[in-house]
Amino acid sequence: MLTAAIVWALMLGLYAAKWIYAREEALQELEHPIQCCFVGLIGVATMLISIAALPYSRLAAQIAFAVGASFTLAFAVWRTGILWRGGRDPGPRRPSFIFPQ
């Protein structure tokens, strides 16, 4: 669990650095129809880390879970709102080996 927490913290720090030093690339990733979904995993990973923190600090685990759940919910609402607005071309996002042209 310690290794997982270290990797989580490192990845979160590197992603925060991406927003500071390569903001345009981070924005492009967030607006991409497929790559943006990996951003949504930040909240899920934070909720998983809360499980690792629980034996050591219930308060820290509750805070981590609340932050992770809030992030996941906010991201889901934001992303679903974009999808509901429509205007997307579904063609390029369908795998051609499953849905032949």
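The cysteines, the largest nonpolar core and the largest pocket of a predicted model are described here.

The count of disulfides in the model is 0. Cysteine 36 takes part in none, and the nearest cysteine sulfur, which belongs to cysteine 37, is 3.9 Å away. A disulfide requires two cysteine sulfur atoms within 2.5 Å, so the 3.9 Å between the sulfur of cysteine 37 and that of cysteine 36, its closest cysteine sulfur, is too far for a bond. The two residues also differ in exposure: cysteine 36 is buried, with a relative accessible area of 0%, whereas cysteine 37 is partly exposed, at 44%.

Cys36 belongs to the largest nonpolar core, a set of 5 residues that also includes Tyr15, Leu30, Val39 and Phe75. Within this core, Phe75 touches Leu30, Cys36 and Val39. Contacts of phenylalanine 75 also include Cys37 and Gly40, when residues up to four places away in sequence are not counted.

The largest pocket holds about 270 Å³ of space. Helix H1 (2-21), helix H3 (36-39) and helix H4 (41-53) are the elements that each give two or more residues to the lining of this pocket. H1 gives the most, with 5 residues. The lining comprises Val7, Trp8, Met11, Leu12, Tyr15, Glu29, Phe38, Val39, Leu41, Ile42 and Ala45. By class, 10 of the lining residues are nonpolar, none is polar and 1 is charged. The charged residue is Glu29. Tyr15 and Val39, both listed in the lining, are also members of the largest nonpolar core.

Conventions. Residues numbered from 1 in each chain as written. Predicted model: local features only at pLDDT ≥ 70, side-chain atom pairs only at ≥ 80, totals over all residues. Heavy atoms only, no water. Buried < 20%, exposed > 50% of the residue type's maximum accessible area, 1.4 Å probe, protein only. Core = buried A, V, L, I, M, F, W, Y, C linked by side-chain atoms within 4.5 Å. Contact = heavy atoms within 4.5 Å. 1 Å grid on protein atoms, 1.4 Å probe; cavity = no way out; pocket = protein on both sides within 12 Å on 5 of 7 lines; lining within 4 Å. Points joined across faces, edges and corners; volume = space filled by probe spheres on them. Helix = DSSP H or I, 4+ residues; strand = E, 2+ residues; numbered from the N terminus.
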